[in-house]
Amino acid sequence: MTTILTYPFKNLPTASKWALRFSVQTKTKKTLAKPNIRNVVVVDGVRTPFLLSGTSYKDLMPHDLARAALTGLLHRTSVPKEVVDYIIFGTVIQEVKTSNVAREAALGAGFSDKTPAHTVTMACISANQAMTTGVGLIASGQCDVIVAGGVELMSDVPIRHSRKMRKLMLDLNKAKSMGQRLSLISKFRFNFLAPELPAVSEFSTSETMGHSADRLAAAFAVSRLEQDEYALRSHSLAKKAQDEGLLSDVVPFKVPGKDTVTKDNGIRPSSLEQMAKLKPAFIKPYGTVTAANSSFLTDGASAMLIMAEEKALAMGYKPKAYLRDFMYVSQDPKDQLLLGPTYATPKVLEKAGLTMNDIDAFEFHEAFSGQILANFKAMDSDWFAENYMGRKTKVGLPPLEKFNNWGGSLSLGHPFGATGCRLVMAAANRLQKEGGQYGLVAACAAGGQGHAMIVEAYPK
Amino acid sequence: CSEPRSRYIRRNFTESSALLTRTHINYGVKGDVAVIRIKSSTSKVNTLSKELHSEFMEVMNEVWATNQIRNAVLISSKPGRFIAGADINMLATCKTPQEVTQVSQEAQRTFEKLEKAAKPVIAAISGSCLGGGLELAISCQYRIATKDGKTILGAPEVLLGILPGAGGTQRLPEMVGVPAVFDMMLTSRNIHADSAKKMGLVDQLVEPLGLGIKPPEEWTIEYLEAVAITFAKGLADKKISPKRDQGLVEKLTAYTMTIPFVRQQVYKKVEEKVQKETKGLYPAPLKIIDVVKTGIERGSDAGYLSESQKFGSLAMISESKALMGLYHGQVLCKKNKFGAPQKDVKRLAILGEGLKGAGITQVSVDKRLKTILKDATLTRLGHGQQQVFKGLNYKVNKKALTSFERDSIFSNLTGNVLKVDMVIEAVFEDLSLKHRVLKEVEAVIPDHCVFASNTSAFPISEIAAVSKRPEKVIGMHYFSPMDKMQLASAVAVSLKQGKVIIVVMDGPGFYTTRCLAPMMSEVIRILQEGVDLEKLDSLTTSFGFPVGAATLVDEVGVDVAKHMAEDLRKALGERFGGGNPELLTQMVSKGFLGRKSGKGFYIYQESVKSKNLNSDVDSILVSLKMPPKSEVSPGEDIQFRLVTRFVNEAVMCLREGILATPAEGDIAAVFGLGFPPCFGGPFCFVALYGPQKIVDRLKKYEAAYGKQFTPC
């Protein structure tokens, strides 16, 4: 592990050179098309700039952000609104007023009010769930054109009254006489007013995710320095990609009453010395996960246009990529909370009949540096593979030079419900740009779940 | 200081280990930190024995003498076990109190040296840190513990009738304050890592690790060691202070305890409470209070001296010998003497009868056994399920479980699946009912399934008479309340319910019921002679029984007692006579079934704490009144009439081969029936009191009453 990390990211060869080198390799499979199953393609995908929560988006509501992504998608693809069969959005922390945020956003974004929409939730892989739901609908012939996306607005979260207060208020509503009301009011205590914040912890274990990530890092002997190095890599690569204009999925968003936001604002390459000064954020004082090597609370939305291949071609589109095999996994939410990619990767590769070597672009969700590196160590460990995965040999490491080359959730940001689409678009755009054929997207999620999907470049 | 911390796991330290290989303790040097690892190769747990003690001194002397070493970490290499306490056998070999005092003083000196050494030592605690282990840990300058369920700290010496004899009584008050120290040492409760942190018993917690690149338990210990090393460096560099910040409440308590008058009041209150609870039968708690008091009021020199002397005298008296005997017996009864079962029991069915069935269910689901609970009616089944849930929820309120774990455990309670490996029947004690149930069950269970009858009186051979496959029918008897009491005596079983198990031969009343029944019969006789209930109860509790004799009948159930008495008298004859069973019969007919029906000898009401006599029983007693025999009726004789009948029957069971060993008999009597623990069980009692004196007593009572007292 240390050897790949000490590989200086600054000296990474440019993408085109790599493309040259890998295009001479022969793939184990020419394509992943399956007989008698419709091919599903990504026509295009967009996202709003991802912003640190509490910045320019802080006065919006989630459906405003989602609407911005949807409008952006309409502009980018010029898809006629009446051909869209269905809209699916992922979100995690729900605004109670707009619990079906997909519908509220679509109505305001100029989609037809005849297009049904629903919202899904699966923690950090909610957008992945939105996409794969769409894939299922198309592959089974139920729909031809789907818009899938995700949204998260961490600037505002539903803070509730305590259960006791809520009960009192509901009972008061039902009380008929003044006497009943007075007797209810007499039960009021000041501690009823203590608010209930949405828990950032795992419901089943009451452990916060950062805490779990710190333990995971320690369990896989990931050092603080390694984590800081990885975070620095993510920020540096994101900065480079932003500067070179590679993040083409970002669409500008004119925030009402504020300036037009054009780019992500969480990318902050720092120095190892600066990062080393931070104190651990979760396990104090000896932990290793800090604010600098964790993903930050983010506002953002994403949307993708997914179609049956023949429909896209008939409409004259040139798709970007195929969405191929995908896999959901889940494991113990306490000690394996963030190991989803380790479990999902070999399974999806096996399902598709590919090997690690066939993959040209890896796009893994970076919840924490420690989580990514722990996954690397798990994938690189024969002992882990034998004892916990029932495999004879280790999964193997994804080569770092193909891994999250345009930055990741640590630097670009991680709006829980929207990240999945960003990952797929990054993989698709990288394959287009770098000339590879297969991309692998993987992510972990609260609840001990995980997802992986193969993205195949659409032939030029 | 983040740099060394961040690299802790990279193992940049080169470790040089001492050449000498010892049996219990070894150490290696990492940089300037000595890592002292305890791993007794001779036993499963680490105990502070003479050998370990001397090896520890050797190692410490080397550490202190090596210039390169600036500080040390003390850790156990056994996952889940730090030091379980001092070696009890070490005390058993001592012949005089002076010898024991010497052992104590040696330990005191070692720990004092450790405490005052210029090179700080950090105790890295994972697993049980009890008794002498705790005393060692608190002599270190800093304590780090893993925050998991297995890490417990405590001073259980009082359970063995002794006191912490290696400086614990002197150091603990300073660390946790006087009120908390009494609570710790007098109740001997186990303190989990996080509450230990709150009390100030440990300074830092380390999170346990899940799966990773090595087995989690091993890896957690290595992680603990690595974290402890960074803290050791921090301590040596004075970047970390061993002093901890006290909360406001703590500061206030500490302040009030500086007022002599307040202290005197605290001592007085605690002494009163101890007197009330022990009825003067157990000397250790009072001595503990005394020693702590001496240390605080007259300085540590006097305190240490008093500690070692009292330790010496306590270790030699009969109460501590009895309690230590019980401890050994218990260890013995937690082993499975029959080897691994042919087939693991994974699915279990439990049939009926309220409290007991639910109790067995709870201990089973708790151990992740898929359990089916069945009862005759939906309402009764509902009660059973509710009781299991209540039991689990209680643990949630105590923070021993999360609500999620509760739900997940509760999901082991399943519905109507009949592919079970074992059926435990807990229906009412009625032979024809038990026969019916057995036949019905046998019609649907698979061939390998074991049928266990939860009976306290019927011989298993009688129950199995209607079975198609009597070799698969066994008996199991659980003592209630199931989840708290420590004993499940069974005729043969390999369940994982975490019970202390004794195995007895088949026979009417087996062992425990057989011992209890003659005593119950004597209770009736004594009541018939006009001794009032409360006096009888106070006589039995002052002898050391946890509940009074009349209360015991109420607890067991008057109907159950009646069944027991009738069946055993039929089977075993006159020895079970004495009291007139008519008393029980009449009480049952009036519905006075004991606590469960709300009325027995006493009246039981929800939310009413004090017990009131059930005056309706008086009239029955009056009608059955018998004249007392003055020569054998004073208080002491009443106590001995009860106890000698119990003991006589126990010895009979051993002689007949019902019991395999006296140790098992002692354990079952103390933990199952509440035989006074200060006597260590009926067999221990015979040894302590003197067999001849007991025979003499029996003969005296035989002359007055007849054959039920004939010594065996």
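Start by selecting Arg380(B): with a relative accessible area of 38%, this residue is partly exposed. Keep in mind as you click around that this is a predicted model. Now add Asp375(B) to the selection, and you have a salt bridge with Arg380(B), the closest N and O atoms being 3.2 Å apart.

**A buried pair in chain B**

Next, pick Glu522(B) and Arg641(B). Their side chains form a salt bridge too, at 2.9 Å from N to O. Glu522(B) sits in helix H20 (residues 512-528) and Arg641(B) in helix H26 (residues 635-655) of chain B, so this pair ties together parts that are 119 residues apart in sequence. Glu522(B) has 0% relative accessibility and counts as buried. Arg641(B), also at 0%, counts as buried as well. Widen the selection to bring in Arg525(B), Glu529(B) and Arg645(B), and you get a salt-bridge network that links them with Glu522(B) and Arg641(B).

While you're in chain B, jump to Asp559(B), which is in helix H23 (residues 558-572). Is Asp559(B) buried or exposed? Its relative accessibility is 10%, so it counts as buried. Leaving out residues up to four places away in sequence, Asp559(B) touches Phe428(B), Val588(B), Leu593(B) and Lys596(B).

**Domains and strands of chain B**

Time to zoom out. Colour chain B by its domain assignment: domain 1 covers 25-316, domain 2 covers 347-502 and domain 3 covers 511-709. Taken over C-alpha atoms, the centres of domain 2 and domain 3 of chain B are 28 Å apart.

Now select strand E17 (residues 473-478) of chain B, where 6 of the 6 residues are buried. In a regular strand, side chains alternate between the two faces of the sheet. Look at E17(B) from either side and you'll find cover: Val473(B), Gly475(B) and His477(B) are buried on one side, and Ile474(B), Met476(B) and Tyr478(B) on the other. Show strand E16 (residues 450-453) of chain B as well; E16 pairs with E17(B) in the parallel sense over 3 bridges. For one of the rungs, pick Phe451(B), whose bridge partner in E17(B) is Val473(B).

There is also an open sheet of 4 strands in chain B, ordered E5-E7-E9-E10, with mixed pairing. Its edge strands are E5 (81-83) and E10 (191-192), each pairing on one side only. E5(B) runs parallel to strand E7 (residues 128-130) of chain B, with 2 bridges between them. To see where they meet, select Arg81(B), which stands opposite Ser128(B) in E7(B).

**Over to chain A, via the interface**

Show both chains and highlight the contacts: 26 residues of chain A meet 26 residues of chain B. About 2400 Å² is buried between the two chains, 64% of it from carbon and sulfur atoms. Pick out Ala219(A), Tyr286(A) and Trp383(A), which supply 27% of the area that chain A buries against chain B, more than any other three residues. How many salt bridges cross this interface? The count between chain A and chain B is 0.

Inside chain A, try Lys258(A) and Asp59(A), a salt bridge with the closest N and O atoms 3.2 Å apart. Lys258(A) is partly exposed at 28% relative accessibility, whereas Asp59(A) is exposed, at 61%.

Last stop: helix H4 (residues 101-108) of chain A, where Val101(A), Ala102(A), Ala105(A) and Ala106(A) are buried. Look down the axis of H4(A): the buried residues fall within an arc of 125°, so they line one face of the helix. They pack against helix H3 (62-77) and strands E3 (86-90), E4 (117-120) and E5 (145-153) of chain A. Just after H4(A) comes Gly110(A), with a positive phi near 90°.

Conventions. Residues numbered from 1 in each chain as written. Chains lettered and ligands numbered in written order. Predicted model: local features only at pLDDT ≥ 70, side-chain atom pairs only at ≥ 80, totals over all residues. Heavy atoms only, no water. Buried < 20%, exposed > 50% of the residue type's maximum accessible area, 1.4 Å probe, protein only. Arc of directions from axis to C-beta. Contact = heavy atoms within 4.5 Å. Pairing = 2+ DSSP bridges. Domains from an automatic or database assignment. Buried area = accessible area lost by both parts, 1.4 Å probe. Salt bridge = Lys/Arg side-chain N within 4 Å of Asp/Glu carboxyl O.
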